[in-house]
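Open the model in your viewer and keep the sequence panel at hand. Each stop below says what to select and what is there.

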Amino acid sequence: MPRFEGEYSLRLELAESGGISAVREVSISVKRGNTPPRAICHSEYRVSLGQEFTLDATASYDLDGDELTCSWQVIDGLSQWDDDELRGSRVTVKAREAARLKFQLAVSDGEDVSFVTTTLHILDEAPEKLNVMPVVQTFEPGGKAIVQLDSPPSNARFHWYQVRGIPVQFDPTGVRIQAEFLFPDVYEFAVVRTDKRDYLPVRALVVVRSDGHPPELRHHCTRKDEHRPAG
């Protein structure tokens, strides 16, 4: 039996002692089974009470190219939001009470569901927050990524550190980092201000994939009521 997907032609021959008496050709199509989607999000969020924040699962993907649906659920702690507020690949809600909550992200391709968790810290005090851009980026092995602070305070000092993924080399100081990513993995980076303590750290994701799909054909999570981008 064929071990790889594709189109195959088989030739069947019926032979008797006097030679071949019948020949028949048969074509078969072999398709692989469903591949579960990959659920990806930041490993941690830190926000201030009353602040709006975004849970981001847009880096999640499916190797089969199936359209995905995403939903978030508080699995440790009391939820401050309705279920409808927590559906979609990018969910923006307001932190209503100081708490430490654990979320579970569920990503479905219609056949299989994959899960990943993240922790949300809602702080009672209101420290200032750094912002990075882009928050999420995806490309193939061998690419270079730049993550930088958005409108950083002048004359401030910063320190970047890698949270997860295969270790890469980068300059940890300054308002941005640049690194080359040779291997598929989920990389996460965080930056803190070192000359002041009243700033929250902020994180950025770099997802390096090797799945044969060019970037414009990659399929990310959508809400059930969202339209998939053309292409």
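**Stop 1: β15 and β17**

Select strand β15 (residues 185-193) and strand β17 (residues 202-208): seven bridges pair them in the antiparallel sense. Strands here are DSSP runs of E with at least two residues, helices are runs of H or I with at least four, and both are numbered from the N terminus. Two strands pair if DSSP finds at least two bridges between them. This is a predicted model, in which local features need pLDDT of at least 70, side-chain atom pairs count only at pLDDT 80 or more, and totals for chains, interfaces and linings use all residues. Residues are numbered from 1 along each chain as its sequence is written, and side-chain values use heavy atoms, with hydrogens and water left out.

Now pick V191. Its place is opposite V202 in β17.

Widen the selection to the sheet around this pair. Four strands form an open sheet, in the order β11-β17-β15-β13, with mixed pairing. At the edges are β11 (136-139) and β13 (158-164), and each pairs on one side only. From one strand to the next, the twist averages 20° (axes are lines fitted to C-alpha atoms, for helices over the stretch in contact; angles run from 0 to 180 degrees between N-to-C directions).

**Stop 2: the three-stranded sheet**

Move to another open sheet, where three strands follow the order β10-β12-β14 with antiparallel pairing. β10 (132-133) and β14 (176-181) are its edge strands; each has a single partner strand, so one side of each lacks a neighbour in the sheet.

Select strand β12 (residues 143-149). Six bridges join β12 to β14, and two bridges join β10 to β12. Which residue stands opposite V147 in β14? Click I177: that is the one.

Next, follow Q148 across the sheet. Q148 is the bridge partner of M133 in β12. On the β14 side, Q148 has R176 as its bridge partner.

Colour β12 by face. In a regular strand the side chains alternate between the two faces of the sheet. The covered face of β12 carries G143, A145, V147 and L149. The uncovered face has K144, I146 and Q148.

**Stop 3: S108**

Jump to S108, in strand β7 (residues 99-108). Is S108 buried or exposed? S108 counts as buried, because its relative accessibility is 17% (buried means under 20% relative accessible area, exposed over 50%, partly exposed in between; 1.4 Å probe, protein chains only).

Show the side chain of S108. One of its polar atoms lies 3.0 Å from the backbone nitrogen of G110. Then show what surrounds S108. Leaving aside neighbours within four places in sequence, S108 is in contact (heavy atoms within 4.5 Å) with P37, E67, L68, T69 and V113.

**Stop 4: C41**

Select C41. C41 counts as buried, at 2% relative accessibility. Now look for a bonding partner. The closest cysteine sulfur is in C70, 9.8 Å from the sulfur of C41, which is too far for a bond. The disulfide count is zero (a disulfide is a pair of cysteine sulfur atoms within 2.5 Å).

**Last stop: the whole protein**

Zoom out. The protein has 18 strands and zero helices. Of its 231 residues, 36% are buried. Among contacts with a separation of 6 or more, 62% join residues 24 or more positions apart. Turn on the surface: about 13,600 Å² is exposed, and carbon and sulfur atoms supply 47% of it (Shrake-Rupley method, 1.4 Å probe; for residues, only the protein chains shown count as cover).

Methods:
A polar contact is a pair of N or O atoms within 3.5 Å; within protein, one must be able to donate a hydrogen and the other to accept it, and residues adjacent in sequence count only if both atoms are side-chain atoms.
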